[in-house]
Amino acid sequence: LKFNPVTATVSINSGQALALASGGVLVPTATANFVTTITGGTLMGATNADLILFNHNTVPFSSLVIGSVIADNTGPSGLTTAGGGVSILTASNTYTGPTYINTGFNGAPAGILQLGNGTASGSIDTSSAVIDNGNLAFYRSDNINFGVNISGSGVLTKLGGNVLTLT
């Protein structure tokens with residue numbers, strides 16, 4: 001699923017799912033501030049495979065916002081992020097495979113996977129481990145306990161005035 005123009009929105013009807021047969025979600029490099037959005041329904045990667053987000057838009061204040069629930073497709077599925085862009089999850093995601101946050105590309109900054117966008121939503125399933133080689137960010141308005149195992153060489157960032165407790 002390639003976004004072109006970068007400002008596009010994909011809406012999935014309530015109760016429906018969009019399963020990507022192969023590849024992933026591609027947000028190309030842009031020259032201006034853009035927000036790319038996927039909303040509604042359920043988003044899944046290929047059968048028994050990770051959903052892959054290639055977010056190459058590193059322009060400040062640009063992001064890929066996914067408001068759809070990311071779920072397993074047949075068996076455990078993970079989420080893999082690549083590229084130096086900011087990817088924001090705003091739903092209560094139910095996928096149970098690992099979450100990989102990878103470094104940037106060709107000198108780009110490390111990619112950011114952000115849970116929440118300043119409200120009380122945006123999470124990953126507690127059975128998912130996080131391998132953070134980029135930047136795992138939390139931007140929630142409520143106090144949260146995050147009991148998911150985090151490993152890797154990346155950083156963890158808390159945004160906003162809430163309390164984040166790692167358990």
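Which residues lie nearest the centre of the largest pocket? In this predicted model, they are Pro 60, Phe 61, Ser 62, Val 86 and Ile 112, and they belong to a lining of 20 residues. The space inside the largest pocket comes to about 290 Å³. Several strands help to build its wall: S10 (86–89), S12 (112–119), S14 (135–140) and S17 (155–159) each give two or more residues to the lining. If you sort the lining by class, you find 11 nonpolar residues, nine polar ones and no charged ones.

Let us follow some of those strands. S12 runs parallel to S14, and five bridges join the two. You can find one of the contacts by looking for Gln 114, whose bridge partner in S14 is Ala 137. S14 also pairs with S17, again in the parallel sense and over five bridges. Here Tyr 139 has Leu 159 in S17 as its bridge partner. How many of the six residues of S14 are buried? Five of them are, so the strand is largely enclosed by the rest of the structure.

Now stay with residue 138 for a moment. A pair of aromatic rings is described by the distance of the centres and the angle of the planes. Phe 138 and Phe 146 form such a pair, with 4.9 Å from centre to centre and 75° between the planes, which makes the arrangement edge-to-face. A search of the whole structure finds one aromatic pair. Both partners are buried: Phe 138 is, and so is Phe 146.

Another pair of side chains is worth a look. Side chains of opposite charge can pair when their charged atoms come close. Arg 140 and Asp 142 do this in a salt bridge, with 2.8 Å from N to O. One salt bridge is what a search of the whole structure turns up. Are its two partners buried or partly exposed? Arg 140 has a relative accessibility of 11%, so it counts as buried, because the cut-off for that word is under 20%. Asp 142, at 23%, counts as partly exposed.

Next comes a space of another kind, a cavity. The count gives one cavity of 30 Å³ or more, and the largest cavity holds about 40 Å³ of space. Its lining includes Leu 53, Asn 55, Thr 81, Ala 82 and Asn 102. Strands S6 (51–55), S9 (79–82) and S12 each give two or more residues to that lining. Four of the lining residues are nonpolar and seven are polar, while none is charged. Ile 112 is worth remembering, for it is among the residues that line this cavity and also among those nearest the centre of the largest pocket.

In the loop between S8 and S9 you will meet Gly 78. This glycine is buried, with a relative accessible area of 2%. Gly 78 and Ile 52 are 26 residues apart in sequence, and their C-alpha atoms are 8.5 Å apart in space.

Finally, turn to an open sheet of three strands, which has the order S2-S5-S8 and parallel pairing. Strands S2 (17–19) and S8 (69–70) stand at the edges with a single partner strand each, so one side of each has no neighbour in the sheet. S2 and S5 (residues 42–44) run parallel and are joined by three bridges. To find where they meet, look for Ala 17, which stands opposite Thr 42 in S5.

Terms used
Residues are numbered from 1 along each chain as its sequence is written. This is a predicted model: local features need pLDDT of at least 70, side-chain atom pairs count only at pLDDT 80 or more; totals for chains, interfaces and linings use all residues. Side-chain values use heavy atoms; hydrogens and water are left out. On a 1 Å grid over the protein atoms alone, a cavity is a set of points where a 1.4 Å probe fits but cannot get out, and a pocket is an open set with protein on both sides within 12 Å along at least five of seven lines; lining residues have an atom within 4 Å of a point. Grid points are joined across faces, edges and corners, and a volume is the space filled by probe spheres set on the points. Helices (H or I, at least four residues) and strands (E, at least two) are DSSP runs, numbered from the N terminus. Ala, Val, Leu, Ile, Met, Phe, Trp, Tyr, Cys and Pro count as nonpolar, Asp, Glu, Lys and Arg as charged, and the others, Gly among them, as polar. Two strands pair if DSSP finds at least two bridges between them. Rings of Phe, Tyr and Trp (its six-membered ring) pair if their centres lie within 6.5 Å; planes under 30 degrees apart count as stacked, over 60 as edge-to-face and the rest as tilted. Buried means under 20% relative accessible area, exposed over 50%, partly exposed in between (1.4 Å probe, protein chains only). A salt bridge is a side-chain nitrogen of Lys or Arg within 4 Å of a carboxyl oxygen of Asp or Glu.
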